[in-house]
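This briefing sets out selected structural features for a reader with the sequence and coordinates at hand. The topics follow one another as short groups of points.

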Amino acid sequence: MSWNLMFFVNSVLLGIGLAMDAFSVSLANGLNEPQIKRSRICGIAGVYAFFQFAMPLTGWICVHTIVEYFTKFEKLIPWIALILLLYIGGKMLLEVIIEKIKSNKADSEKEEKKEVVKLGFGTLVVQGIATSIDALSVGFTISDYGFLMAFIASLIIAVVTFAICVVGLKIGKKAGEKLAGKANILGGIILIGIGIEIFVKGVFF
């Protein structure tokens, strides 16, 4: 592979394809946190972008070092993504149910604010891993690249992911402002749906 226009076009298209799961999770997070600030949007998108950068590059390194073990691990990727996203989505739904039980079924603005579960850094990292772990397989796709080209391709993927996730968070925020306290229920369902989609796509197709 040489440094030409197709290299950059392919990297951008690869980034768009890989960022779709992260976009959906960003949408769910925006729904769950309608008061989210611009700095936090950039921070969340930055975490997803980092993992989308790290995973393809890690995959490339594995292909050039421990191919046999990496091939075996690749089969576990859909299972890992499913477990992580089921855990996060289920946790969000459980927190809503617990909050409902604790509340006196009042429908005031004060109570609605209590229902918003702010995304913690640990959960964000787990989401980042879950939505980017399938990008490890991109190591095979870019295996004929030299290290510098693989690094640049991963960087382009990260930039594309960042932009797409910012859009997803902003869309989710707008919708979350309208849905108020019910938004995190939808967010949890979306995360569980993404986990199932990644699993089905990885195991059966």
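R40 has a relative accessible area of 23% and is therefore partly exposed. Its side chain meets that of E33 in a salt bridge, with an N to O distance of 2.7 Å. The model in which this pair is found is a predicted one.

**Salt bridge**

- E33, the acidic partner of R40 in the salt bridge, has a relative accessibility of 8% and so counts as buried.
- The cut-off for burial is a relative accessible area under 20%, so E33 at 8% falls below this limit, whereas R40 at 23% does not and is classed as partly exposed.
- Side chains of opposite charge can pair when their charged atoms come close.
- The count for the protein comes to one salt bridge.

**Overall architecture**

- The protein contains nine helices and zero strands.
- Read from the N terminus, the order of elements is α-α-α-α-α-α-α-α-α.
- The protein has 205 residues, of which 42% count as buried.

**Packing of α2 and α6**

- Two packed helices are described by the angle between their axes and the distance between the axes.
- Helix α2 spans residues 38–63 and helix α6 spans residues 121–132; their axes come within 9 Å.
- These two axes cross at roughly 40 degrees, and α2 is therefore oblique to α6.
- The crossing in which α2 passes α6 is right-handed.

**Contacts between residues distant in sequence**

- V166 is placed in helix α8, which covers residues 147–179.
- With a relative accessibility of 15%, V166 counts as buried, because the limit for that class is under 20%.
- The C-alpha atoms of V166 and G43 are separated by 9.5 Å, although their positions lie 123 residues apart along the chain when counted as sequence separation.
- L84 belongs to helix α4, which comprises residues 77–102.
- L84 counts as partly exposed, with a relative accessibility of 22%.
- From C-alpha to C-alpha, L84 and G195 are 7.7 Å apart in space, and they are 111 residues apart in sequence.

**Nonpolar surface patch**

- L5, M6, V9, V12, L13, I16 and M20 make a nonpolar surface patch of about 610 Å².
- M20, one of the residues of this patch, lies in helix α1, which runs over residues 5–32.
- The relative accessible area of M20 is 38%, so this residue is partly exposed.
- Membership of a patch requires over 30% relative accessible area, and M20 at 38% therefore passes that threshold.

How values were computed. Residues are numbered from 1 along each chain as its sequence is written. This is a predicted model: local features need pLDDT of at least 70, side-chain atom pairs count only at pLDDT 80 or more; totals for chains, interfaces and linings use all residues. Side-chain values use heavy atoms; hydrogens and water are left out. Patches are made of residues with over 30% relative accessible area and no salt bridge: like charges are joined within 9 Å, nonpolar side chains (Val, Leu, Ile, Met, Phe, Trp, Tyr) within 5 Å. Accessible areas come from the Shrake-Rupley method with a 1.4 Å probe; for residues, only the protein chains shown count as cover. A salt bridge is a side-chain nitrogen of Lys or Arg within 4 Å of a carboxyl oxygen of Asp or Glu. Helices (H or I, at least four residues) and strands (E, at least two) are DSSP runs, numbered from the N terminus. Buried means under 20% relative accessible area, exposed over 50%, partly exposed in between (1.4 Å probe, protein chains only). Axes are lines fitted to C-alpha atoms, for helices over the stretch in contact, and angles run from 0 to 180 degrees between N-to-C directions. Angles under 35 degrees count as roughly parallel, over 145 as roughly antiparallel, 65 to 115 as roughly perpendicular and the rest as oblique. A crossing is left-handed if the near helix is turned anticlockwise from the far one by less than a right angle, and right-handed if clockwise.
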